[in-house]
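Please look over the fold shown here before reading the briefing that follows, which moves from the whole chain to its cores and then to one helix pair.

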Amino acid sequence: MKFLQSLIAQTRFAGRGGSLGRVSGLRFFSVSTEEYSKRNYANNVAEYNTVLGSLTAQRRNFLLKDVYDDMMLDGVKPTRDTFHSLVVGTMKGARMQDAFFFIDQMKIMGLVPDVTLYNFLISTCGKCKNSDKAIQILEEMKCMDIKPNVQTYICLLHACAADGRLDQVYAVVRDMTAAGLGLNKFCYAGLIVAHKNKTPLSDDFAAKVIEFVERSKIWSSVETDSGNAENVMMGVSDEELYNLPTAEYAHRRGAFLGRIFTAYHTAFNAAADLKNVELTDTLLEMLDKDGKSPDIYIMLQVIRCYCHAGDIDRGLRTFDDCVNSGKPIAAELFTTLAEGAMAGYTEKGMQIAQDILVRMNERNFFVNSKMGSELLLIAAGEKTGGYTTANFIWDMMRARKVNPSFAAVEAYYQGLKDREIPEDDPRLLLVSQTYDNLRARFGNRVNLNV
């Protein structure tokens, strides 16, 4: 019965018309050998590994299990490298259930996971905010006589920090100290995250953040040991492995990220999340005292903090100072200010957001699908006013042939319907058609970019 269910599931997947849409044993009898060869996308383990690497690089992690199923149906035996690619992909996609499935499959085939794979697994648990499972993994490692390394402890620290479990975080710190390891900048970043995620927020939160940033400047023996050549080869940055707030930004804009500011990055991000202007100003003074200039990521958090705290004018001044400084700038500066200005949907803020996006276009910066979709999703939430900002973002993406996500299109479509717009309005008709097409493709999978 399970086999038949598997066939049905794969048939449905094949019906979606994707490049991986192949059905099991029946396909051998329905087409000729020559026709099958044309349809087949991989014939051996090396080719399958290449496909897995490509899907991970494209962030299409939801297809990894389908590829693995095809390998099994083709009788191709996965290697250790295959499982490394699968687990890395599921970690990047925060797909914990798939990650444990691949580890179990690996064990069934007689392959023992190494410390690097266990680190990826702990990191995945952290991304899914399941610290209990992360702790269980460490216990399993000890039972299997697999010695944890520096990255294991830091991954576990961040997994517990994601849940705001200060007691467990400090327990990991004690374990590191007992093992003769000092704390590095990633550890102090984790401590900041743990204090930010703890509920209720402690009264001395700002003081703790400042303390951890100061202590992170002290060199530690861990600094030289935390890197891993295999992680670099597989495209896993430290920011992504430890689930730092800079992980996504490092993936897209690594050249604009000053790695010496790791603790500062986390501190500024926390201050922005909590709309703590006083802490943001203190951190800027600390940077100035150190004789260092903030990088773009820090400026993004400063602008975000000011705008979400209600001081859009200060956010705009900070943006202008950054743009006029003569230093390299990125599209995220424009989109961050636009997003912040739209907070509260005030008439002034919506106009500033639109003006900033006009300036962005004039400088030949463009938004990708992710940034454009996030902007459209926020702008679509405007309940009053002329809806001009949402319309402008939609037109901007159309002009650049950038496709918004289903969630953004749905929100924009509902916003248009809520207004008194004639049913034969060209804009409404176009958005309605786009919405229907995306709904037919993705159904309830609202978070996929197309």
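**Overall fold**

Contacts (heavy atoms within 4.5 Å) between residues 24 or more positions apart make up 67% of the contacts in the protein with a separation of 6 or more. This is a predicted model, in which local features need pLDDT of at least 70 and side-chain atom pairs count only at pLDDT 80 or more, while totals for chains, interfaces and linings use all residues. Residues are numbered from 1 along each chain as its sequence is written, and side-chain values use heavy atoms, with hydrogens and water left out.

- The protein has 26 helices and 0 strands, taken as DSSP runs (H or I, at least four residues, for helices; E, at least two, for strands) and numbered from the N terminus.
- Of its 450 residues, 48% count as buried, that is, under 20% relative accessible area with a 1.4 Å probe, protein chains only.

**Nonpolar cores**

- The largest nonpolar core (buried Ala, Val, Leu, Ile, Met, Phe, Trp, Tyr and Cys residues joined through side-chain atoms within 4.5 Å) has 78 residues, and Phe 120, Met 176 and Tyr 264 are among those with the most contacts inside it.
- Helix 10 (residues 150-162) supplies the largest share of this core, 9 residues.
- A second, separate core of 53 residues includes Ile 329 and Tyr 435.

**Helices 20 and 21**

- Helix 20 (residues 312-323) and helix 21 (residues 331-341) pack at about 175°, with their axes 10 Å apart, the axes being lines fitted to C-alpha atoms over the stretch in contact and the angle running from 0 to 180 degrees between N-to-C directions.
- That angle makes helix 20 roughly antiparallel to helix 21, a term for angles over 145 degrees.

Key:
Parallel < 35°, antiparallel > 145°, perpendicular 65-115°, else oblique. Buried < 20%, exposed > 50% of the residue type's maximum accessible area, 1.4 Å probe, protein only.
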